[in-house]
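Subject: Structure handover

Hello,

Here is the structure you are taking over. Please open it beside this message and read the notes with it in view.

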Amino acid sequence: MDKISLDKLNYYDLKEIVKSYCVSGLGKTLIDKLEPSSNLKVVNRRLDETSEGRKLLDVSYHLPLEGIHNIFPLIDKMDKGGVLEPSDLTMVSDFLRGCRKVKMFLKDKEGYAPTLCSYAENISDLSYIEEEINISIRGSVVDSNASKDLKKIRKQIDTCEGKIKEKLDKFLRNSSNKECIQEFFISQRNGRYTIPIKAAYKNKVAGSIVEVSSKGTTVFMEPDIVSKFTSELNVLQAEESMEVYKILAILTEMIYQRIKDLKINVEVISEYDMIWAKAKYSLDIQGIKPKINDYGYTKILKGRYPLIKNGVPLDFEIGKDYRTLIITGPNAGGKTVVLKTLGMLTLAVQSGFHIGAKEGTEISIFQDVFVDIGDNQSVENALSTFSSHVQNLARIIKESGKSTLLLFDEIGSGTEPNEGAALAIAILEELYHKGCITVATTHYGEIKDYSHNHPDFENAAMEFKKETLEPLYKLTIGKTGDSNALYISKKMGISDSIIERTRTYIENKDYNYATIKESKKKKVKEVESEEKYYDFSVGDKVLLLDKNDSAIIYKGRDEFNNVVVLYDKEFIEVNYKRVKIELKAEELYPEGYDLNQLFVSYKDRKLERDIERGSKKALKKLRKEGL
């Protein structure tokens, strides 16, 4: 199965849910390794196992898996020649006891679970090893009754330790030692019996220092009076260690002689742990074993998406009268959930999981399940969302065949609508010829129309309440999605005239191009006419476009299409296209008005009149200024 598609469909999240019902790491390991099977017999067997476990649970039978642990690391240790520790042996004993209990439990349950009972026949009864371990190991240590020699050695150790304590008690009671002793008790340090002695008196006590206190005020000394017995104790303890190792080695060898049977027991118990987890999951979701086939027909009755609690059940069918289904509907209306529900229920069944649905549900199993869902934008490869979708689609088309389930979300989206719709239709057609079962969601009307006219395609729509715009998350097969965008727009206040014009555009794709062209021609003519016939006149008030400020025309347009304007007490030359008329001169000034006054100051105008009258003062001023 395609790992990317499994991840997109949240298959691994479903496995984590089922894993939580396992008793041990054995079942969890198997579920981690579990993958959907495309073999009809394998899928049937997996589902039957789950059904039998469910039957036992329904009548309140519980498989006794408590105390079962993963002993694979211990088996690996023995395979490498290692000797098991007492705690390891205790774990093996617990495991063997669990195997025995499971075998006994299933002995009379053939009526409920014939397949599970047949598996129990492969469990080897190794109770003699279990008993031997229980005799030899107590509380994670080797018991003294494990062998006569060990019992004898430990008795000698007890006697030797008793003599040491007796000698040390006499040392503590001796009044001559009173001033040397820091604390009057026997302390065991580093496996040796000592007396706390004041540091100042350490040279006055015959013995060896075993340890010094953190402050250095006390030394823990082993008096010479017990050194003989300490040496004897060391020898006995070494003999004890050797005997313990010998017993552990014998027990390990006893288990290793039946290592093949033990491994089979582990495999069977692992299967039971996984199957029981599936059964408990089925009970919690009130799941069913659906009918199954391998020819593409799927019919889901009130199917529930495993990762959504209290979701709207799905009724769905494909593979009989049509092999491609096109789903339309509003955004956030549940189209993607339909795809994921179909994909997830298919994968669950192929893994042997019961599904939340009603009896009568039938699921087809597939060799491959491919999905293209979500934003696949790849930053690393510098691919856009559309490019990444197309890359994924190219891979899917190449690997798809007759036994393939395809789930596409918003196929063809992310690019120009006409191209996207055409590409989507071509892809759907190619996959149809390959014999795939395809479910795709879309907003493109062209795809809906194509599906409506194709004999092996069908449309479906997601419903929603028109009064409240609330999605119902309900799929209706055989219906094309309404123009929800128009309804929502009208609901939100867009006028009826705009809505009706939109409907017209949708139906005939005529976007009033004739009117637009005529309007454009008219505008061009008006501009040309304005440019051809209007000429600026002296005194016109205009807007300088570059400065966004007003000026006065001083000279009209010349042969180079430039005008001279008075702006900010300066005369500047600009192209007539950079000037916009604000008010014409005849609108601003009365008839006969001397426009020259607009460009000459009062002082200059007075001087000019004085000269015309022959004023000597004015003439004298002109000569003085050299004019």
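The notes below go from the whole chain to single elements and then to residue pairs.

**Overall**

Please keep in mind that this is a predicted model. The chain has 627 residues, of which 41% count as buried. Its secondary structure comes to 21 helices and 21 strands. Among contacts with a separation of 6 or more, 65% are between residues 24 or more positions apart. The exposed area of the chain is about 34900 Å², and 50% of it comes from carbon and sulfur atoms.

**Helices 9 and 10**

Helix 9 covers residues 148–173. Its 26 residues should span 38 Å at 1.5 Å a residue, and the end C-alpha atoms are 38 Å apart, which agrees. The buried residues of this helix are Leu150, Ile153, Arg154, Ile157, Cys160, Glu161, Ile164, Leu168, Phe171 and Leu172. The list holds charged side chains too, namely Arg154 and Glu161. An α-helix has 3.6 residues a turn, so residues three or four places apart point the same way. What lies over the buried residues of helix 9? The cover includes strand 2 (141–142), strand 4, strand 6 and helix 10.

Helix 10, one of those covering elements, runs over residues 227–256. With 30 residues at 1.5 Å each, the expected span is 44 Å, and the end C-alpha atoms are 43 Å apart, in agreement with that. Buried residues in helix 10 include Phe229, Thr230, Leu233 and Leu236. Further along, Glu243, Val244, Ile247, Leu248, Leu251, Thr252, Met254 and Ile255 are buried as well.

**Strands 3, 4 and 6**

Strand 4, which also helps to cover helix 9, takes in residues 192–198. Five of its seven residues are buried, so the strand is largely enclosed by the rest of the structure. Strand 4 has pairing partners in strand 3 and strand 6.

Strand 3 (residues 187–189) runs antiparallel to strand 4, and three bridges join the two. In that pairing, Ser187 is opposite Thr194 of strand 4. Strands 3 and 4 make a hairpin with two residues between them, and Asn190 there has a positive phi near 55°.

Strand 6 (residues 218–223) is also antiparallel to strand 4, with four bridges between them. Here Lys198 stands opposite Thr218 of strand 6.

**Helix 4**

Helix 4 spans residues 40–58 and contains both Arg45 and Glu49, which are four residues apart, about one turn of the helix. These two form a salt bridge, with their closest N and O atoms 3.0 Å apart. Is each partner buried or partly exposed? Glu49 is buried, at a relative accessible area of 2%, whereas Arg45 is partly exposed at 39%.

Thr50 is in helix 4 too. With a relative accessible area of 0%, Thr50 counts as buried because the cut-off for that class is under 20%. Which residues does Thr50 touch, leaving aside neighbours within four places in sequence? They are Ile275, Lys278, Ala279, Ser282, Gly352 and His354.

**Other salt bridges**

The whole structure has 20 salt bridges. One of them joins Lys263 and Asp79, with 3.4 Å between the closest N and O atoms. Lys263 belongs to helix 11 (residues 259–285) and Asp79 to helix 5 (residues 72–79), so this pair ties together parts that are 184 residues apart in sequence. Both ends are partly exposed: Lys263 has a relative accessibility of 31%, and Asp79 has 37%.

Another salt bridge pairs Lys109 with Asp108 at 2.8 Å, N to O. Lys109 is buried at 7% relative accessibility, while Asp108 is exposed at 57%. Elsewhere, Glu16, Lys19 and Asp32 are joined into one network by salt bridges that share partners.

**A surface patch**

Leu307, Ile308 and Val337 make up a nonpolar patch on the surface, with about 200 Å² of accessible area together. Ile308 sits in the loop between strand 8 (298–303) and strand 9 (314–318). Its relative accessibility is 39%, so Ile308 counts as partly exposed.

Regards

Definitions and conventions
Residues numbered from 1 in each chain as written. Predicted model: local features only at pLDDT ≥ 70, side-chain atom pairs only at ≥ 80, totals over all residues. Heavy atoms only, no water. Patch = residues over 30% accessible without salt bridge, like charges linked within 9 Å, V, L, I, M, F, W, Y side chains within 5 Å. Areas by Shrake-Rupley, 256 points an atom, 1.4 Å probe, with all protein chains shown as cover. Salt bridge = Lys/Arg side-chain N within 4 Å of Asp/Glu carboxyl O. Buried < 20%, exposed > 50% of the residue type's maximum accessible area, 1.4 Å probe, protein only. Expected span 1.5 Å × (residues − 1). Pairing = 2+ DSSP bridges. Contact = heavy atoms within 4.5 Å.
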